[in-house]
Amino acid sequence: MNKEKTAGCVVERVVARAVMVPLEYPVKTSVGTVAASPLVLIDLHLSNGIVGHSYVFTYTPLALESTRVLVDALGAVLCGQELAPFEFDQMLARRLRLIGRSGIAMMACAGLDMAAWDALAKVRELPLASLLGGALKPIPAYDSHSMDGETIGLLRAERAADEGFKAIKIKIGYADLRDDCHMIETIRNRIGSGVELMVDYNQSLSVPEALRRIRALQPYGVSWVEEPTLQENYAGHARIREQAILPIQMGENWCGIEEMQRALDAGACDLAMPDVMKIGGVTGWLKAAALAEIRGIPMSSHIFQEISAHLLAVTPTAHWLERMDLAGPILSRPLVFRDGAAWIDETPGTGVSWDEEAVARLKA
């Protein structure tokens with residue numbers, strides 16, 4: 001890369017904005033409902049005019065403003081520094097060592113990391129996947145649905161199959177096991193045997209109840225059972241995994257690769273599903289991908305579909321991209337899905353850029 005491209009690659013300022021983005025379908029789970037998407041949008045401005053973009057998802061509006069403020073505060077630490085995402089990761093880790101880097105602190109650091117990598121890819125005039133050494137190839141995706149009930153559940157399943165998705169995930173954990181089985185059987189009958197079907201309990205069961213329910217799910221050809229019990233209960237997950245025939249999936253709530261390593265050491269899961277925000281941004285994801293490769297664990301993504309598509313392109317054990325659109329209404333160029341896959345184009349960066357009119361309209 002010539003000196004003209006590297007000149008001015010200094011962080012000038014970081015801007016964080018809060019928005020509430022409407023969802024086509026509320027995310028209904030056995031433990032609560034997310035009716036709209038609370039996002040903190042991050043713009044990392046370089047002194048050469050390039051801007052790196054990312055967003056973080058706070059799950060609840062209660063955490064939206066505190067996360068935005070923390071992004072602003074940590075972003076100020078990066079101002080005046082040469083653009084170097086790995087160095088930023090170490091710098092922020094040192095700053096937070098005495099209070100710990102978890103929860104919204106990890107989310108804020110990861111958001112800044114993602115914005116820095118987006119900026120670096122733009123400086124290099126490459127898509128992030130190419131910058132990291134990967135190919136711009138279609139990334140197989142599953143369509144992620146909620147605890148939608150029979151009418152909407154069938155509608156969404158049929159639409160996903162018609163759009164070419166080869167896998168669908170639904171959320172279960174109804175009060176009565178018979179309702180779980182009924183929903184799975186109903187969806188399976190609609191999509192046929194040619195489409196994989198995964199289920200997600202969202203941590204809602206005790207270990208004995210999880211074992212009871214998973215035994216009942218075995219006839220329906222379920223490809224994985226996600227987070228059947230509390231995610232931090234690695235021993236409980238390991239016990240379920242030992243006794244259940246169906247594969248156990250977890251990882252969306254691992255906060256940093258240390259938690260991922262502890263879960264894998266405990267034998268808690270057959271499959272891994274880190275969340276790029278909670279695992280530590282692009283920098284954290286690359287470490288997680290190496291850990292999954294060493295253990296031979298198939299690795300999928302959790303939400304953040306735009307950047308996750310790039311990261312799965314360089315994940316040795318890449319499995320599935322989760323298609324759940326949290327930010328589409330505020331993006332100028334939403335990620336393209338075709339024939340059941342995400343298609344990364346040649347645009348430099350991660351593909352995240354704002355529709356500023358929509359951002360202004362949805363400002364929190």
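What follows is a walk through a predicted model, from a sheet of three strands to the helices lying across it and then to a few residues in loops.

Let's start with the sheet. It is open, its three strands come in the order S1-S2-S3, and the pairing is antiparallel. Strand S1, residues 11–29, and strand S3, residues 51–57, sit at the edges; each has a single partner strand, so one side of each is left without a neighbour in the sheet. From one strand to the next, the twist averages 20 degrees.

Follow the chain and you'll see how the strands are joined. S1 and S2 make a hairpin with two residues between them, and they pair in the antiparallel sense over 14 bridges. If you want a spot to check on screen, take Val14: its bridge partner in S2 is Leu44. S2 itself covers residues 32–46, and it pairs with S3, again in the antiparallel sense, over seven bridges. These two strands also form a hairpin, this time with four residues between them. Gly49 sits in that turn and has a positive phi of about 95 degrees. Two bridge pairs help you trace this part of the sheet: His45 is partnered by Val51 in S3, and Leu41 by Tyr55, also in S3. While you have these strands on screen, keep one general point in mind: side chains in a regular strand alternate between the two faces of the sheet.

How much of S2 is buried? The count is 11 of its 15 residues, so S2 is largely enclosed by the rest of the structure.

Now for the helices on the sheet. Helix H2, residues 64–78, lies across S1, S2 and S3 and runs at about 150 degrees to S1. Helix H4, residues 103–123, lies across S1, S2 and S3 as well, and it runs at about 150 degrees to S3.

H2 and H4 also pack against each other. Their axes are 9 Å apart and the angle is about 55 degrees. That angle falls outside the ranges for roughly parallel, roughly perpendicular and roughly antiparallel, which makes H2 oblique to H4. The crossing is right-handed. On the H2 side, the residues that meet H4 are Ser66, Thr67, Leu70, Val71, Leu74, Gly75 and Leu78. Across from them, H4 brings Ile104, Ala105, Met107, Ala108, Cys109 and Leu112. Sort the residues of this contact by character and you get 10 nonpolar, three polar and no charged.

H4 has another helix to deal with. Helix H3, residues 85–95, packs against H4 at an angle of about 165 degrees, with the axes 9 Å apart. Angles over 145 degrees count as roughly antiparallel, and H3 and H4 are therefore roughly antiparallel to each other. This crossing is right-handed. From H3 the contact uses Pro85, Phe86, Phe88, Asp89 and Leu92, while H4 supplies Cys109, Leu112, Asp113, Ala116, Trp117 and Leu120. Here the residues divide into nine nonpolar, no polar and two charged. Look at Cys109 and Leu112 in H4: they take part in the contact with H2 and in the contact with H3.

Finally, a few loop residues deserve a click. Most residues other than glycine have a negative phi. With that as background, which loop holds Glu125? You'll find Glu125 between H4 and helix H5, residues 128–131, and its phi is near 60 degrees, a positive value in a residue other than glycine. Further along, Glu227 sits in the loop between strand S7, residues 222–226, and helix H9, residues 234–243. The phi of Glu227 is positive too, near 40 degrees.

Is Glu227 buried or exposed? Its relative accessibility is 1%, so Glu227 counts as buried; the cut-off for that is under 20%.

Thr315 makes a good last stop. You'll find it in the loop between helix H13, residues 305–312, and strand S10, residues 321–323. At 7% relative accessibility, Thr315 counts as buried as well. What is it in contact with, leaving aside neighbours within four places in sequence? Trp285, Ala289 and Met299 are in contact with Thr315.

Methods. Residues are numbered from 1 along each chain as its sequence is written. This is a predicted model: local features need pLDDT of at least 70, side-chain atom pairs count only at pLDDT 80 or more; totals for chains, interfaces and linings use all residues. Side-chain values use heavy atoms; hydrogens and water are left out. Two strands pair if DSSP finds at least two bridges between them. Axes are lines fitted to C-alpha atoms, for helices over the stretch in contact, and angles run from 0 to 180 degrees between N-to-C directions. Contact means heavy atoms within 4.5 Å. Angles under 35 degrees count as roughly parallel, over 145 as roughly antiparallel, 65 to 115 as roughly perpendicular and the rest as oblique. A crossing is left-handed if the near helix is turned anticlockwise from the far one by less than a right angle, and right-handed if clockwise. Ala, Val, Leu, Ile, Met, Phe, Trp, Tyr, Cys and Pro count as nonpolar, Asp, Glu, Lys and Arg as charged, and the others, Gly among them, as polar. Buried means under 20% relative accessible area, exposed over 50%, partly exposed in between (1.4 Å probe, protein chains only).
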